[in-house]
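Welcome! Take a moment to look over the sequence and the 3D view, and then use the notes that follow as a guided tour.

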Amino acid sequence: MAKRKENSKSYILDIVAVVVLAVIIGITMPFSRKIEIELGLLYAVDASTVDESDVVDVSGSTVAYADGETASLSVHYLDVGQGDCTVIEFPDGKTMVIDGGENNKKTEQAIQSFIDVTLPTGFKYFDYAILTHPDSDHCGSLDYVLENYPARVVYRPNVEAVGTEKNPYSDPGKADLSAGAVTKDTAAYAKSVKAMYATTDEFTSRVLVTDPSDDSQTITGGAGDDEYTFTFYSPLSVSYKDWNNYSPIMILEYRGFRYALSGDAEKENEAEFVKKVADAKTDGVTDKYDVFTDDYTVNAIKAGHHGSSTSTSRDYLDVITTPDGAKSAFYIISCGAGNSYGHPHAETIDRLSEMGVPDENVLRTDIAGSIALTVRADESGEYKMFYGGKAAAPVVTVYVYRELLGIKLKWAVVAWTCFAVVAVLLTVHAVVTVRKNSKRK
């Protein structure tokens with residue numbers, strides 16, 4: 001009887017070990033790309049050295065610079081489906097993330113893949129992070145980003161996070177909000193705010209409530225010709241009925257090139273900005289809104305609210321660019337393929353067409369995937385804006401799997417092969433144990 005119990009115990013332990021190992025491997029599957037890159041199973045090569053059938057798309061962008069060349073300023077509009085996430089690489093090496101897309105694993109993986117492939121090896125933190133407004137398609141995965149890559153300075157909307165009825169939350173930044181600030185009671189927003197105020201061994205993030213009236217919030221960097229500015233121009237009210245209107249209108253400028261970003265700012269927010277600019281022309285006060293003269297031109301305009309008809313109004317466009325400038329500008333629309341909102345709306349596309357914007361200047365993440373607009377010197381030394389970051393003679397870098405005996409070493413193949421080996425060894429162990437116990441009888 002004792003031998004039987006010993007045999008039974010041995011079987012159970014072996015079965016438990018096999019099940020636990022299978023569960024662990026299963027949990028790692030969603031992170032296959034990251035694991036493959038970390039283990040060197042997936043590696044970068046020049047596209048000209050491999051067959052097209054071997055290429056693996058990791059980031060949605062396969063263009064890299066030739067040896068010795070670096071981008072001066074790159075703005076990456078990530079393909080995160082029906083949501084928003086923008087990453088900026090500044091010329092002095094600093095980085096910024098704006099929004100974090102929807103709260104799902106697919107978005108987290110898209111952002112993580114971009115970081116793994118595009119940002120420097122060993123990347124640990126962002127210098128700046130901005131949450132434009134508290135809707136989940138912008139704040140949803142920002143907690144994941146900040147928990148893994150905290151930001152030195154974080155900008156947040158003037159909205160108190162209170163969690164949900166079942167899971168209430170006490171906003172640590174409540175005292176910094178304006179009097180009359182409203183509350184948002186969603187888990188996604190509470191999680192993103194909680195991540196903003198988390199501390200790390202290296203530093204504690206400085207969290208600011210976005211306030212365009214506070215000129216000290218303007219971000220500057222670089223030196224001489226490489227100086228850049230990142231300026232907030234809205235929102236201009238303490239509270240709004242529509243969460244989208246908490247989104248700031250922001251202008252990034254470098255070497256005479258300008259990018260406009262505005263989250264999901266709707267017509268109300270845009271109208272306040274337009275009025276502020278008009279008033280600045282007659283109030284006799286010198287401030288940052290005076291820069292919007294009749295010849296002011298923005299070169300890249302991120303369409304508000306995923307190309308919704310209620311954003312990117314003609315009045316707003318007329319303020320930030322000239323008629324000729326509007327025709328040559330790039331318009332970036334972040335939206336998911338076949339989304340239920342119908343973004344981008346036909347009215348927005350028609351509006352741009354009526355302004356003379358060519359179809360090829362309207363860049364959509366649901367069609368083009370992740371989009372990069374880079375300002376750098378061409379072969380003559382003249383600074384220009386490049387779509388996709390393409391240099392004069394780019395090296396196209398792609399990713400391929402290492403092989404062993406003609407088999408691609410994908411993480412799934414490696415992991416489950418190891419599992420099979422361990423399962424066989426445990427089975428052999430169980431059989432041997434039973435036989436030994438039988439001989440002792």
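Let us start at Arg255, whose place is in the loop between β13 and β14 (257–261). Keep in mind as you read that this is a predicted model. From Arg255 we move on to other backbone details, then to a serine and an aspartate in one loop, and finally to salt bridges.

**Backbone angles to look for**

- Phi of Arg255 is near 50°, which is a positive value in a residue other than glycine.
- Arg255 has a relative accessibility of 28%, so this residue counts as partly exposed.
- His306 also deserves a look: its phi is near 60°, again a positive value in a residue other than glycine.
- You will find His306 in the loop between β15 and α8 (314–320).
- With a relative accessible area of 3%, His306 is buried, because buried means under 20%.

**Cis peptide bonds**

- The peptide bond that runs from Ser234 to Pro235 is cis, and its omega is near 5°.
- Pro235 sits in the loop between β12 and β13.
- Another cis peptide bond leads from His343 to Pro344, with omega near -5°.
- Pro344 has its place in the loop between β16 (330–333) and α10 (346–354).

**Ser247 and its surroundings**

- Ser247 belongs to the loop between β12 (228–232) and β13 (250–254).
- Is Ser247 buried or exposed? Its relative accessibility is 0%, so Ser247 counts as buried.
- Which residues touch Ser247, once neighbours within four places in sequence are left aside? Its contacts include Thr132 and His133, Ser234 and Pro235, and also Ser262, Gly263, Asp264, Ala265 and Asn269.
- Asp264, one of those contacts, has its backbone nitrogen 3.1 Å from a polar atom of the Ser247 side chain.
- Pro235, also in contact with Ser247, is the proline of the cis bond that starts at Ser234.

**Asp242**

- Asp242 is found in the loop between β12 and β13.
- The relative accessible area of Asp242 is 31%, so this residue is partly exposed.
- The side chain of Asp242 reaches the backbone nitrogen of Asn244 at 2.9 Å.
- How far apart in space are Asp242 and Glu266, C-alpha to C-alpha? The distance is 8.4 Å, while in sequence Asp242 and Glu266 are 24 residues apart.

**Salt bridges**

- How many salt bridges does a search of the whole structure find? The search finds 14, and three of them are described here, beginning with Asp84 and Lys302.
- The side chains of Asp84 and Lys302 meet at 2.6 Å, N to O. Asp84 lies in the loop between β3 (73–77) and β4 (86–89) and Lys302 in strand β15 (residues 300–302), so this pair ties together parts that are 218 residues apart in sequence.
- Both partners, Asp84 and Lys302, are buried.
- Arg258 and Glu253 also join their side chains in a salt bridge, at 3.4 Å from N to O. Arg258 is buried, with a relative accessible area of 16%, whereas Glu253 is partly exposed at 26%.
- Lys408 and Glu403 form a salt bridge too, with their closest N and O atoms 3.8 Å apart. Lys408 is partly exposed, with a relative accessible area of 29%, and Glu403 counts as partly exposed at 46% relative accessibility.

Definitions and conventions
Residues are numbered from 1 along each chain as its sequence is written. This is a predicted model: local features need pLDDT of at least 70, side-chain atom pairs count only at pLDDT 80 or more; totals for chains, interfaces and linings use all residues. Side-chain values use heavy atoms; hydrogens and water are left out. Helices (H or I, at least four residues) and strands (E, at least two) are DSSP runs, numbered from the N terminus. Buried means under 20% relative accessible area, exposed over 50%, partly exposed in between (1.4 Å probe, protein chains only). A polar contact is a pair of N or O atoms within 3.5 Å; within protein, one must be able to donate a hydrogen and the other to accept it, and residues adjacent in sequence count only if both atoms are side-chain atoms. Contact means heavy atoms within 4.5 Å. A salt bridge is a side-chain nitrogen of Lys or Arg within 4 Å of a carboxyl oxygen of Asp or Glu.
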